[in-house]
Amino acid sequence: MFQWRLPQAVCVLSVCVCLALAYEDDIEVNYADTYYNEITEGETPEPTPSPAPCSSPDLTKWDKMFLMLENSQMRENMLLQYADDIIKVEMGSLRSEMLRFVAQYGGSCGAAVETAGRRMTLQLEGRLRDTLDRFKAGDQTSAAGNSVGRSNHLEAMLQQLLSTARTQVSRLAKLETSCFSSPRAGTGTNTKTGFQLPTGGGAGLSEQEVTTRDAALDGVLAVLQGMKVELGEVLRSSRQRHLPAGCEMAVLFPMRSRRIYTAVIPDVPLSLSSFTVCMWVKPTTVSNKTVLFSYGNRRNPYEIQLLLSQTSALFTVGGEAHLVEGRGVVKPGQWIHLCGAWSSEQGLASLWADGKKVASTPGVAEGHVLPEGGSLQLGQERNGCCPTSSSSSMAGFEGGFDPKLAFAGKMTGVNMWDKVLSEEKISQLALQEGQGCEHRGSIVAWGVTEMVPHGGAQFIN
């Protein structure tokens, strides 16, 4: 078989060689540039159109504005979200710090402040009760005319009580300061066992305990404020029971009666063309016409009158036709300082209450001169009967008085000058805590000029 295939292979190889020789003769190799294309003038090709690139249209100012608004809105939302996150984190941190503070100091300082407040309250209440009991006892004994020493002692006790209250308040403030500035603030220790910040729902329990202690402290503060008000009222009442302006005695008119009055006997005659009369009065009750100071003679019993009428003060010279009225200045049961001044040269009459001019009227008895030889009374007016001897004053003397005009209350610091005092001088005399009683008048001087009480009128200390 091998012999049969060998001739076949030789034949096939011969055929391939013949074909290769024939193909090599037909191909011509061209070594010129293959990329050169010669274009003649008559065959100019037309360019192929290509689509234009995509260009964005021009933006208007409104489009730009809307884009800016969108950008700003996005930035604002981002900032708000960031701020919200910060606030949440900070509030959580603050809450944890507050709870830790409560756990550290709520037990020791809160209990100490609460205990101190209770002790101070009990202490002050006890002293206040003791003082009020002594005040009531002094009030009962003052009716017998021995109230000066007890009143001074009472005032000293009240001042001591007020000083104690201020001291206790100062101690409480120091205690709070020491609690909140304790050096254990950073250690986290707590001296009171059992008061620790519980886990889970312990935050609400600690806040409740703090609220309870705050309420207790508020209660202590309210009690102290109430006691301060009570002390103020007691002090005002004590001042009302004391004599004003440094006066050491007063005339007491216990009731309204035709027999109760005080006669004043000046050392010099009252032939005056100007004067000023001042006094302190504390009326128990006031009627439509209550006489405080009255001077007159047989011809005119109403030469000088200083009167009260309900809540008004009245001042007249030469008769009721020349009336000066100050309204709303009188309060029964309270001391009031009254002054009446008059000058004949201009006929100007002025009325003063507690150092303030409340009324002034010109043309009052202008050119008039007060006559001498009249009678001067406190707490009553003589309306016709002017005795000239002491014997006549003992028999039928009360016939010239009217019980409806009588004064009931206390009177002190009665002075009269032969001139019109200045406004500054009258204001100094009207100081309740001053020393007005030391400035005595030239016509009537309180504590120097003779004054004779009649009926149930009496001098008290």
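Q: Before we get going, what counts as a cavity here, and what makes a residue part of its lining?
A: A cavity is a set of grid points where a 1.4 Å probe fits but cannot get out, and lining residues have an atom within 4 Å of a point. Keep in mind that this is a predicted model.

Q: Good to know. Which residues line the largest cavity?
A: Its lining is made up of Ala245, Cys278, Trp280, His337, Gly413, Asn415, Trp417, Leu429, Gly436, Cys437 and His439.

Q: Which elements give two or more residues to that lining?
A: Those are strand S3 (274-285) and strand S12 (408-417).

Q: And which of the elements gives the most?
A: S12 does, with 3 residues in the lining of the largest cavity.

Q: How does the lining divide into nonpolar, polar and charged residues?
A: There are 6 nonpolar and 5 polar residues, and no charged ones.

Q: What volume does the largest cavity have?
A: About 60 Å³.

Q: How many cavities of 30 Å³ or more are there?
A: The count comes to 1.

Q: Okay, switching to the sheet. In what order do the strands run?
A: The order is S7-S6-S5-S4-S11-S2-S13, with 7 strands forming an open sheet and antiparallel pairing.

Q: Which strands stand at the edges?
A: Strand S7 (323-326) and strand S13 (450-454) do. Each has a single partner strand, so one side of each is left without a neighbour in the sheet.

Q: What about the twist from one strand to the next?
A: The twist averages 20 degrees from strand to strand.

Q: Back to S7 for a second: how many bridges does S6 make with S7?
A: Strand S6 (residues 312-317) pairs with S7 over 4 bridges, in the antiparallel sense. Within that pair, Phe315 stands opposite Val324 in S7.

Q: Now S11. Are the residues on its two faces buried or exposed?
A: They are buried on both faces of strand S11 (residues 375-378): Ser375 and Gln377 lie on one side, with Leu376 and Leu378 on the other.

Q: How many bridges join S2 to S11?
A: Strand S2 (residues 261-265) is joined to S11 by 3 bridges, and the two run antiparallel. Here Val264 stands opposite Leu376 in S11, and Leu376 is one of the buried residues just mentioned.

Q: And how many bridges between S4 and S11?
A: Strand S4 (residues 290-296) pairs with S11 over 4 bridges, again antiparallel.

Q: Which residue in S11 is the bridge partner of Gly296?
A: That would be Ser375, which is also buried.

Key:
Residues are numbered from 1 along each chain as its sequence is written. This is a predicted model: local features need pLDDT of at least 70, side-chain atom pairs count only at pLDDT 80 or more; totals for chains, interfaces and linings use all residues. Side-chain values use heavy atoms; hydrogens and water are left out. Two strands pair if DSSP finds at least two bridges between them. Axes are lines fitted to C-alpha atoms, for helices over the stretch in contact, and angles run from 0 to 180 degrees between N-to-C directions. Buried means under 20% relative accessible area, exposed over 50%, partly exposed in between (1.4 Å probe, protein chains only). On a 1 Å grid over the protein atoms alone, a cavity is a set of points where a 1.4 Å probe fits but cannot get out, and a pocket is an open set with protein on both sides within 12 Å along at least five of seven lines; lining residues have an atom within 4 Å of a point. Grid points are joined across faces, edges and corners, and a volume is the space filled by probe spheres set on the points. Ala, Val, Leu, Ile, Met, Phe, Trp, Tyr, Cys and Pro count as nonpolar, Asp, Glu, Lys and Arg as charged, and the others, Gly among them, as polar.
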